[in-house]
There are 2 protein chains.
Amino acid sequence: MDKNLKRMATMHRMQTKGLELFYKKGYYNTSIDDILKELDLSKGAFYYHFQSKEDFFVSIVQNMVVRKVYNLMIEPIEGKADPVTAIERCFENALATAEHNELDYGFVLGNFITEFNGRNQEISKYLKDIYKVWEVNLVTTLQKGKTDGFIARHVDSEGVASFLIASYMGIRVLMVEGNSRMLGYNYMQQIKQYLKSIAETQLV
Amino acid sequence: MDKNLKRMATMHRMQTKGLELFYKKGYYNTSIDDILKELDLSKGAFYYHFQSKEDFFVSIVQNMVVRKVYNLMIEPIEGKADPVTAIERCFENALATAEHNELDYGFVLGNFITEFNGRNQEISKYLKDIYKVWEVNLVTTLQKGKTDGFIARHVDSEGVASFLIASYMGIRVLMVEGNSRMLGYNYMQQIKQYLKSIAETQLV
DNA sequence: TGGTCAACCGACCACTTAGTCGGTTTTTTT
DNA sequence: AAAAAAACCGACTAAGTGGTCGGTTGACCA
């Protein structure tokens, strides 16, 4: 326990800086040395803790990226009674976080999925798994929303879930370096309208 | 005119192969040599025609990427009387093309925007410009749709336009290597539902 | 005090990268 | 056919790249 403290601390420092730079510059465009330089650590330290650059990245995905997505996108919705309100609030909050971050490079998970799509099957799998967890959670919440009378019966929960995720990923791409404030606001208006159309009360 | 024929032919061969590989593997993960190897051309030939890798990529964006987006996403909608039907058909066709392409790496424009976001301002600008042309065209068509009685007056055309683009970009990311058939189908169902909600006939 | 070992160092290796340049081939012009 | 211009070749450079490895440090224990 106590013994592993230093080990964990260093690994965590590397992972944090690694995620920062991979997110900022992309995986293939970020070298191990880039990361180590900013931490005043050496190659030896890196390869003492991680087997390879890929192994390092996987560890980041499985620890930090998972947590980020979970905290920001899944937890705020999971099991909530009224899915419509929960999703609205969650997305609104997520976009606001992105807007207020002056250095925004897009949605972490979305960026990585794009970068590895068709280029690295193994890493793609880990990333897609996170997406799937998110999707399943959304579907479950939406289904529960049906039985609780918040969502119309005819709604295809899986369709709605992937549509929501896709639209969010897309808007986060466009929000970088644009007038993200306006884009985010407009996006939320449309999402609200869309969500209305799947809500129980507005059944045709 | 005639003089430039060989020049144009070689440049075009390079650009075509360049776009193919940049799209497949990403810009930073594709070397000039990768491209030249497949064309049986040399470094000399490349730097005779292009100033740098970046200059080369910009020329690809301004010629081929622009045209791709225009042909597939803008032209089929531009100026059409009924925007709702036009957008539906256009997106359906675009997704079908993606599905039937066994080697799909996502939406070309979306991938590049993601890769260069926050990494290369100049290139980002050229990519964003294409997005803007697309957006403006959508807005114009939607506005015309209002006066022609296809779109409800209260609709925010700009919001709808960026929402449509964002959702399309997002779903194209998810469709890679997944069960893209199902995803695409589900996506279209949701888009149709959403479009219904902005159509004139269904005004609340 | 001396030994042990996890944690870390940094020179080094084989390889790839974008870009250069003197020279050769091919095509066009005269 | 000769000269001129355009197109192309490929060895080379300098700066990285991921990864290795023999060696050092310093905390901890006996």
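I looked first at the start of α7(A), where a side-chain oxygen of A:Asn120 comes to within 3.2 Å of the backbone nitrogen of A:Glu122; helices here are DSSP runs of H or I, at least four residues, numbered from the N terminus. The model is predicted, with local features needing pLDDT of at least 70 and side-chain atom pairs counting only at pLDDT 80 or more, while totals for chains, interfaces and linings use all residues. Residues are numbered from 1 along each chain as its sequence is written, chains are lettered from A in the order in which they are written, and side-chain values use heavy atoms, without hydrogens and water.

I then checked the span of α7(A), residues 121-147: at 1.5 Å a residue its 27 residues should cover 39 Å, and the end C-alpha atoms lie 38 Å apart, which agrees (the expected span is 1.5 Å times one less than the number of residues). Just after α7(A), I noted a positive phi of about 80° at A:Gly149.

Next I turned to the interface, where chain B and chain A bury about 3,700 Å², 60% of it on carbon and sulfur atoms (accessible area lost on being put together, 1.4 Å probe, summed over both). In chain B, the residues that lose the most area to chain A are B:Phe163, B:Leu174 and B:Gln190, together 17% of what that side buries. The contact (heavy atoms within 4.5 Å) takes 43 residues from chain B and 45 residues from chain A. I found 0 salt bridges across the interface, a salt bridge being a side-chain nitrogen of Lys or Arg within 4 Å of a carboxyl oxygen of Asp or Glu.

How values were computed:
Helix = DSSP H or I, 4+ residues; strand = E, 2+ residues; numbered from the N terminus. Polar contact = N/O pair within 3.5 Å; in protein donor to acceptor, adjacent residues only side chain to side chain. Buried area = accessible area lost by both parts, 1.4 Å probe.
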